[in-house]
Amino acid sequence: MSDDRRGRVIADGRTVLRGRVINEGGTEIADGAVEFGDGVITWVGPAADYRRREALPARSGDLILPGLIDLHCHGGSGFGFPNADATGALTAADHHRGHGTTGLLGSLVSAPEDVLVRQAGVLSGLVEDGALLGVHLEGPFLSVARCGAQDPAAIVPGDPGLFERVCEAARGTVRSMTIAPETARFPALLAAMRRHGVVPSLGHTDADAATTAAAVADAQGGPVTATHLFNAMPPMHHRAPGPAGACLAAAGRGDLILELIADGVHLAPETVAMVFDTVGPDHVALVSDAMAAAGMRDGDYRLGALDVRVHQGVARLATADGAPGAIAGGTFRLLDVLRHTVFHAAVPLGDAVTAATRTPARVLGLAGDRGGLTPGHRADILVTDEMLRPRRVLVAGEEGN
């Protein structure tokens, strides 16, 4: 038996961790133990019930969480998935893994077909090697009126043939696609997405509430999400609830999962708290929407074809006159988002953890293997201090940072 940082390796090669266990569904064990071996969790429970008491590490104030899962991330550590080669994309993925995101979709943005095909091919290799869970296409079938930090010149009407060609280039690794409900050929695109196992994500839309509600209804038959709720859509008004109101209602019925970028820039903390209070953590997926500047200093970066300037940690499109442009993704990692959700939006820790682990795992059809500290699940484990700062990251039981 030997010490292994904040865990202990016991005679049969398994490792046991001890701390405050925060699990899927908000369950908590104040003094718990998590045992794993051969990449799989083998036991979870109160430390007092652990069968090998002599192997327990000393009690600590560390938090033990499931590894986080990010459905929407454009890059980090200076590299953006819409622009990077395989080496740069891997650097970005590794950066997020080192900060607790043990599962990640690599997000692209609207771009000409040749660029989408090339970048989908680059990211597919990372999916096949296990560095990414899949590819997320944020466009190009969006609303020009609500393009946000997307290149309006690259946004095109719905085209199932283009979608099929990008999926072919991605070799079956596309897992999610943001699409505006009002785009052309929406039903045909939905059918193609379901054939390829791609989750529809409604967003970057100028649609009214009725059009959005109809799109949610049409998309039933599998998971459906809303891309970064409230951002890149009309503000909700009491006489014109728009897509935000329709998405909130759908999530309340259990028909939709709402992405939230809870970083204090994209949404006010009170808005984040309101959404959790309204629909609950099983219908919220916290996301980072991180771009290349995540983990980097202020400065100039790129998001697809567009120039981005980061000032005081906020990414905005660069403008000729220096005036602040549209928000251009985030600079937080998902653990930073989780921390902000807990300490600024005052969402209970267990609820916030659920929205960063089990809920996104369900969206991707991975809830039987990831998203919780459950015997039989992959040993994707995040250990933090009491302020949710990372201490240790394990991916299938191996050091992830």
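These exercises walk through a predicted model of one protein chain.

Residues are numbered from 1 along each chain as its sequence is written, and side-chain values use heavy atoms, without hydrogens or water. Local features need pLDDT of at least 70, side-chain atom pairs count only at pLDDT 80 or more, and totals for chains, interfaces and linings use all residues.

**Exercise 1. Describe the chain as a whole.**

Step 1. Start with the secondary structure. The protein chain has 10 helices and 22 strands. These are DSSP runs, numbered from the N terminus: helices (H or I) have at least four residues, strands (E) at least two.

Step 2. Test the compactness. The radius of gyration is 21 Å, close to the 21 Å of the globule rule for 401 residues, so the protein chain is as compact as a globular protein of that length. The radius is taken over C-alpha atoms, and the rule is 2.2 Å times the number of residues to the power 0.38.

Step 3. Add the box. Along the principal axes, the C-alpha atoms fill roughly 65 × 45 × 45 Å.

Step 4. Look at burial. Of the 401 residues, 58% are buried. Buried means under 20% relative accessible area, exposed over 50%, and partly exposed in between (1.4 Å probe, protein chains only).

Step 5. Check the contacts (heavy atoms within 4.5 Å). Among those between residues at least 6 apart in sequence, 67% join residues at least 24 apart.

**Exercise 2. Find the two sides of helix H7.**

Step 1. Locate H7. The helix spans residues 269-279.

Step 2. List its buried residues. They are Val272, Ala273, Val275, Phe276 and Val279.

Step 3. Look down the axis. The buried residues of H7 fall within an arc of 160°, so they line one face of the helix. The arc is that of the directions from the helix axis to the C-beta atoms.

Step 4. Turn to the other face. Away from the buried side, H7 carries the exposed residues Glu270 and Asp277.

Step 5. Find the cover. Over the buried residues of H7 lie, among others, helix H6 (242-253), strand E15 (257-260), strand E16 (284-286), H8 and helix H9 (349-356).

Step 6. Go past the end. Just after H7, Gly280 has a positive phi of about 85°.

**Exercise 3. Place His340: is this residue buried or exposed?**

Step 1. Find its helix. His340 sits in H8 (residues 334-343).

Step 2. Read its area. At a relative accessible area of 13%, His340 is buried.

Step 3. Compare with the helix. In H8, 8 of 10 residues are buried, including Leu334, Val337 and Leu338.

Step 4. Name its partners. Beyond neighbours within four places in sequence, His340 contacts Ala262, Asp263, Gly264, Pro269, Phe332 and Ala345.
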